[in-house]
Amino acid sequence: MEDYLAKSLDEWKEDISEVLDQINTDYEEVKKELKVYSYKYGITKQVIQSTVNEEIIENIREMYHKPFEEKYSELKEYIRDLDEKRKVFQMFVNKIDEVKRKESPKTDLAAAYK
């Protein structure tokens, strides 16, 4: 592969890798937040199921359960989007590596050890 082409692909891969790193960072942060809301949502659901007073149940639903459920659903959707972005940008990196590997000069190992 010509040097200018390899350099250009390396620079492009570096740019894409930076985007991928940011996506991975965002993904990990959202994953942590999703776990928090998963617990909050689950706990409020269990408390509601264990409570018999309808007034208290309604208050819990309004104050905690519904907001936690909404945030949980929002985060689940966002993490799906981030996961899709991760896959797409990882494909870029993989394809660049594949092209470089295919285009790199083939070394004759038998000749190299003579």
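Helices and strands are here DSSP runs, a helix being H or I over at least four residues and a strand E over at least two, numbered from the N terminus. On that basis the protein, which is a predicted model, follows the pattern α-α-α when read along the sequence, with 3 helices and 0 strands. Its radius of gyration is 25 Å, whereas a compact globule of 114 residues would have a value near 13 Å.

**Overall form and contacts**

- Taken along the principal axes, the C-alpha atoms of the protein fill a box of roughly 85 × 25 × 15 Å.
- Of the 114 residues in the protein, 19% are buried, and the accessible surface comes to about 8900 Å², with 52% of that area belonging to carbon and sulfur atoms.
- When contacts between residues at least 6 apart in sequence are considered, 83% of them join residues that are at least 24 apart.

**The nonpolar surface patch**

- Trp 12, Val 88, Met 91 and Phe 92 form a nonpolar patch on the surface, and together these residues have about 360 Å² of accessible area.
- Helix α2, which spans residues 54-103, gives the most to this patch, contributing 3 residues.
- Met 91, one of the patch residues, is placed in helix α2, and Met 91 counts as partly exposed because its relative accessibility is 47%, a value that lies between the 20% limit for buried residues and the 50% limit for exposed ones.

**A salt bridge between helices α1 and α2**

- Side chains of opposite charge can pair when their charged atoms come close.
- A search of the whole structure finds 10 salt bridges, and one of them is formed by Lys 13 with Asp 97, whose closest N and O atoms are 2.6 Å apart.
- This pair links distant parts of the chain, since Lys 13 lies in helix α1 (residues 3-50) and Asp 97 lies in helix α2, with their positions 84 residues apart in the numbering.
- Both partners fall in the partly exposed class, because Lys 13 has a relative accessible area of 24% and Asp 97 has a relative accessibility of 27%.

**Salt bridges within helix α2**

- The side chains of Arg 80 and Glu 77 meet in a salt bridge with an N to O distance of 2.8 Å, and because these residues are 3 apart in helix α2, they are separated by about one helical turn.
- Arg 80 is partly exposed at 47% relative accessibility, and Glu 77 is likewise partly exposed, with a relative accessible area of 40%.
- Lys 95 forms a salt bridge with Glu 98, the closest N and O atoms in this case being 4.0 Å apart, where a side-chain nitrogen has to be within 4 Å of a carboxyl oxygen for a pair to count.
- Lys 95 and Glu 98 are also separated by about one helical turn, because they are 3 residues apart in helix α2, and Glu 98 counts as partly exposed at 27% relative accessibility.

**A shared network**

- Elsewhere in the protein, Glu 33, Lys 71 and Glu 74 are joined into one network by salt bridges that share partners.

Conventions: Residues numbered from 1 in each chain as written. Predicted model: local features only at pLDDT ≥ 70, side-chain atom pairs only at ≥ 80, totals over all residues. Heavy atoms only, no water. Patch = residues over 30% accessible without salt bridge, like charges linked within 9 Å, V, L, I, M, F, W, Y side chains within 5 Å. Areas by Shrake-Rupley, 256 points an atom, 1.4 Å probe, with all protein chains shown as cover. Buried < 20%, exposed > 50% of the residue type's maximum accessible area, 1.4 Å probe, protein only. Rg over C-alpha atoms; globule rule 2.2 N^0.38 Å. Contact = heavy atoms within 4.5 Å.
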